[in-house]
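Trainee: Could you walk me through this model while I have it open? I would like to start with the charged side chains.

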Amino acid sequence: LKSPRAGFTSISNLDHKNPLARPWRHMADPSLVGKQRMQRSALAEGAVQDEERAIVADGEGAPLLPSVGKAGGPGSYGGAAGRPRRLKEDDRLCPTADKEHQPFLDVTRICCVWLVAIDHGDWRFGDVNTGFAQNWVLQYLFLTCGVCYGMSRRGLGRYLFRLGVYAAIGICINWSAWLFKHMDWRNDFFSVIYHFWFVIGLMVYAVILAPLRGYLAGVRAEALASSAAPALAGFEAAPETPYAQPPASGGEVASDGAAAAGAQGASPPVDEAKVQERLQRDALTKALVVIGGGVLGLMICFTILVHPLLDLLAPALFRLVKDFGPKTSFWGLPQTEVESFKFLQRLCTYLNLTCTNFWLLVACPKVFERPGLAAWAVLINTYGHRLLFYRANDERPFHGLDLMTIALTCHYLGILHRRTIGKYIARYWFVVLFACCVLWPMGLHGRMDEQPPTVISTRIRVNLIEMIFVICWLTAGERLIQKEIFKEDSFDFMNDWALVVFLVHKAVHILMVPPLNWMFLVALIPVCYLRRRMP
């Protein structure tokens, strides 16, 4: 607006190219009209930035008038009833105040890498599920990688190159250990790569998620813009608006009946509550139809079209897997041609879940006013499948993709009511741990990821504990880790140590016997410390 007075009686001064600037109409309510004038005066006097801070911090800024216009046009991420999306600061995974450094990501990475090194050195650590490690260690690594992928400013090519360098260095280190111990690497190169399949998987996931990453960034940009300009974002033009026009003169605002009579004769007053209720009901119906129809369509597509096509690839898949050696059975890959057909049948269900998650991420921001609902939709869809349906050990690579999708979604769109949920999780963390102890089946041991439970009660318990840990990290991660670990105690060198341990720990376990292998890995800590402190 050009001045405090200009543009209030005409919409000609509004910027029609700005998606947030929409034609508006006054309500025939003196108190609401007064509030609208005060808002516009504040904006015109240069108070936009202060109001943006209040909106983002407090989550306020809902328009005084309900939006009854049509949904946004092509390219718009607007959702139900055309209302612009609102992304509250309380919902965001990485708050803007801490966007430079996220200590909880570093601590998560360091702890998970160390526990992975322990598990690769002594299989009993994972077999008895020490500290519920099976339910969160690898899961947190995928979540951390997903958030970091969203935060990265590198292009896809540079991102893949960096991961490829780490994978190449690590594979060469493992290969050197096999050569030194005269192990048969030619017939078992799959085991030579070993945990660096994780890095190769991240590269594949980054390529798959690259289009989704751009889309989510666009949704967040529009949601943040809408949250920063509430005074104009909520006033939508409508061909049939129930609100009366303001009088031509600057006197008192006429009543609803008088205003309507002056325009086109007497008409009954409009019940605003009923209008709002009808809009919400229509929005809910639209959401159910769009989301449910897409999910049902994907199920039909995979059952009728994709499944028969994948069966044609069974012989080729068997020959490909055979070339990598017998250790591929560790990941549930087929060892015979008959197993290849069964594997591809299961593959259909895994792909169906992943594609359903993608559909939810496309549809939810368009039909819901709060983008944070998309994260809950993907979480419920992912773990609903894992709780109710059996998923073999060959599902692990697809679960990694689903976890990265969840993390990427939470980074860009946030999680609805994240701050409130995280506050209570941080306050009652001991209750969460007690609940997980109660849920874990008594006497159960073994690797549940390598040999997934077939008993439905056991499967529900194991996956429910994993879901609890995932939700705790996504909602309360930064509350459980103090920034002083790096700012005051200067433990930043542990990031270097975690990277070195990730690259060399498997080779160290091959070349050294206990306890020399553990002593060597721990001895790397002062080396990394001195390297950071050297001028």
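Trainee: How many salt bridges are there by the rule used here?

Mentor: The count comes to 17 salt bridges, where a salt bridge is a side-chain nitrogen of Lys or Arg within 4 Å of a carboxyl oxygen of Asp or Glu. Before going on, keep in mind that this is a predicted model, in which local features need pLDDT of at least 70 and side-chain atom pairs count only at pLDDT 80 or more, while totals for chains, interfaces and linings use all residues. Residues are numbered from 1 along each chain as its sequence is written, and side-chain values use heavy atoms, with hydrogens and water left out.

Trainee: Which residue does Asp-91 form a salt bridge with?

Mentor: Asp-91 pairs with Arg-370, and their closest N and O atoms are 2.6 Å apart. This pair links distant parts of the chain, 279 residues apart, with Asp-91 in the loop between α2 (48-58) and α3 (103-121) and Arg-370 in the loop between α13 and α14 (372-388). The helix names come from DSSP runs numbered from the N terminus, with helices being H or I runs of at least four residues and strands being E runs of at least two.

Trainee: And is Asp-91 buried or exposed?

Mentor: Asp-91 is buried, at a relative accessible area of 2%, whereas Arg-370 is partly exposed, at 21%. Here buried means under 20% relative accessible area, exposed means over 50%, and partly exposed lies in between, using a 1.4 Å probe and protein chains only.

Trainee: Where do Asp-282 and Arg-278 lie?

Mentor: Both of them lie in helix α11, four residues apart, which is about one turn of the helix. Their side chains meet in a salt bridge of 3.8 Å, N to O. Asp-282 counts as partly exposed at 40% relative accessibility, and Arg-278 counts as partly exposed at 39%.

Mentor: You can also look at a network, in which salt bridges that share partners join Asp-492, Asp-496, Arg-531, Arg-532 and Arg-533.

Trainee: What about Glu-395 and Arg-391, buried or exposed?

Mentor: Glu-395 and Arg-391 are both buried, and their side chains meet in a salt bridge with an N to O distance of 3.0 Å.

Trainee: Back to α11, then. How do the axes of α11 and α13 cross?

Mentor: The axes of helix α11 (residues 272-311) and helix α13 (residues 337-367) come within 9 Å and cross at roughly 155°. That angle makes α11 roughly antiparallel to α13, because angles over 145 degrees count as roughly antiparallel, under 35 as roughly parallel, 65 to 115 as roughly perpendicular and the rest as oblique. The axes are lines fitted to C-alpha atoms, for helices over the stretch in contact, and the angles run from 0 to 180 degrees between N-to-C directions.

Trainee: Which classes of residue make up the contact of α11 with α13?

Mentor: The contact has 20 nonpolar, five polar and three charged residues. In this scheme Ala, Val, Leu, Ile, Met, Phe, Trp, Tyr, Cys and Pro are nonpolar, Asp, Glu, Lys and Arg are charged, and the others, Gly among them, are polar.

Trainee: Changing topic, how many disulfides does a search of the whole structure find?

Mentor: The search finds zero disulfides, a disulfide being a pair of cysteine sulfur atoms within 2.5 Å. Cys-301 is in no disulfide, and the nearest cysteine sulfur, in Cys-355, is 8.3 Å away. Cys-301 counts as partly exposed, at 32% relative accessibility.

Trainee: Why is Cys-348 without a bond to Cys-301?

Mentor: The sulfur of Cys-301 is the closest cysteine sulfur to that of Cys-348, but at 9.1 Å it is too far for a bond. Cys-348 is buried, with a relative accessible area of 7%.

Trainee: Last topic, the backbone. Where is the cis peptide bond?

Mentor: A cis peptide bond joins Pro-514 and Pro-515, with omega about 0°, and Pro-515 is found in the loop between α20 (493-511) and α21 (516-533).

Trainee: And what is phi of Phe-132?

Mentor: Phi of Phe-132 is near 55°, which is a positive value in a residue other than glycine. Phe-132 sits in the loop between α4 (124-127) and α5 (137-151) and counts as buried, at 12% relative accessibility. For His-182, phi is near 55°, and this residue, in the loop between α6 (156-180) and α7 (189-193), counts as exposed at 74% relative accessibility.
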